[in-house]
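Okay, thanks for coming, everyone. I'd like to walk you through one structure today, so let me put it up on the screen.

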Amino acid sequence: MTRTPLRKDRAARGPALVALCALALTSCGTEGPGRTAPAAPAAPSAVSRTPTAPVPDPADDPGLPPEQRAAELAFVQLVADVAEPCTEGLPAVPPPRGPDGPQPPTGHPPDLPLPESAPPSEAPWSFERARRETALGPVEKCTAPLHGKRIAQALDGAAARTPAEVEKALRGIGYDVDHRLDGPREANGKVEFTLDLRVMGSALCLAGSRDGTRTDLDPYGGSPEVRCPDVERRS
């Protein structure tokens, strides 16, 4: 897929973001309460148990081996690159203000006091509540078909028909972080897989199926507290 050269200010955003992630990889993974304890990736399967707490993100593991950390950062860079056309024109995030930070312009109204934080909910964490499908934002809706296009081109180009062939093609175009790829596996006469594209606060999950000649991809939103395959899809 031909890429149009990006303007210098836009082209610098992806590497800068990834450099920031390199300093604190936890910010690159999915975020949510309770995601501090490391855990091994769950086995690729449908909902087979009922978690009693949010599922931790393996990328949050401080003991992550260097090669896995590099793979996660490469995945974040891939997602940032694919999303680049969808973020054109978005306002830049203003720099933080502090003693040495930028000052408000003359006549700027005084800062208002920050609202008090809402008290923590006393309701216990609920897997059934956390696994409800969430809405996708405009950037996610724009990005999903771009991932779909590059995936379909790769699978068509490889004439992928078996789970092994589909997996090889997906990993060959950068979707090669184990805990972000569920499957592929044979189901209902097709090869099915799920991709977790939830980085930098995104909720984007992508369900795919391949019947040997055609690739179908369905984007949906998922809470960071559960795995993408465990999200209860709306009918």
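I'll go through a helix, some aromatic pairs, the sheet, and then a few backbone oddities.

One thing up front: this is a predicted model, so please keep that in mind as I talk.

Let's begin with helix H3, which covers residues 66-83. How far apart should the ends of H3 be? There are 18 residues in there, and at 1.5 Å a residue they should span 26 Å. The C-alpha atoms at the two ends turn out to be 26 Å apart, so the expectation and the model agree.

Now, which residues of H3 are buried? Quite a list: Glu72, Leu73, Phe75, Val76, Leu78, Val79, Ala80, Val82 and Ala83. As a reminder, an α-helix has 3.6 residues a turn, so residues three or four places apart point the same way.

Hold on to Phe75 from that list, since it leads us to the aromatics. By the rule used here, there are 2 aromatic pairs. One of them is Phe75 with Tyr175, an edge-to-face arrangement with 6.3 Å from centre to centre and 75 degrees between the planes. Why care about that pair in terms of the chain? Phe75 sits in helix H3, while Tyr175 is in the loop between helix H6 (163-172) and strand E1 (181-187), so the contact ties together parts that are 100 residues apart in sequence. Are these two rings buried or exposed? Phe75 has 1% relative accessibility, so it counts as buried, and Tyr175, at 0%, counts as buried too.

There's also Trp125 with Phe127, and that pair is tilted: 6.4 Å centre to centre, with 45 degrees between the planes. Here Trp125 is partly exposed, at 24% relative accessible area, whereas Phe127 is buried, at 4%.

On to the sheet. It's an open one with 4 strands, in the order E1-E2-E3-E4, and the pairing is antiparallel. Which strands are at the edges? Those are E1 and E4 (215-221), each of which pairs on one side only. Going from one strand to the next, the twist averages 15 degrees.

If you zoom in on E3, residues 204-210, you'll see that this strand pairs with E4 over 7 bridges, in the antiparallel sense. To pick out a bridge by name, Arg210 has Thr215 in E4 as its partner.

What packs on this sheet? Helix H5, residues 138-157, lies across E2 (190-196), E3 and E4, and it runs at about 30 degrees to E3. Helix H6 packs on the sheet as well, touching E1, E2 and E3, and its direction makes about 155 degrees with that of E1.

Last topic: the backbone. Most residues other than glycine have a negative phi, and most peptide bonds are trans. So where do we find something else?

First up is the peptide bond from Gly183 to Pro184, which is cis, with omega near -5 degrees. Pro184 is in strand E1.

Then there's Asn188, with phi near 55 degrees, a positive value in a residue that isn't glycine. Asn188 is in the loop between E1 and E2, and at 70% relative accessibility this residue counts as exposed.

Met200 also has a positive phi, about 55 degrees, and again it's not a glycine. You'll find Met200 in the loop between E2 and E3; at 31% relative accessibility, Met200 counts as partly exposed.

That's my tour, so over to you for questions.

Technical notes:
Residues numbered from 1 in each chain as written. Predicted model: local features only at pLDDT ≥ 70, side-chain atom pairs only at ≥ 80, totals over all residues. Heavy atoms only, no water. Expected span 1.5 Å × (residues − 1). Buried < 20%, exposed > 50% of the residue type's maximum accessible area, 1.4 Å probe, protein only. Phe/Tyr/Trp six-rings, centres within 6.5 Å; stacked < 30°, edge-to-face > 60°. Pairing = 2+ DSSP bridges. Axes fitted to C-alpha atoms, helices over the stretch in contact; angles between N-to-C directions. Contact = heavy atoms within 4.5 Å.
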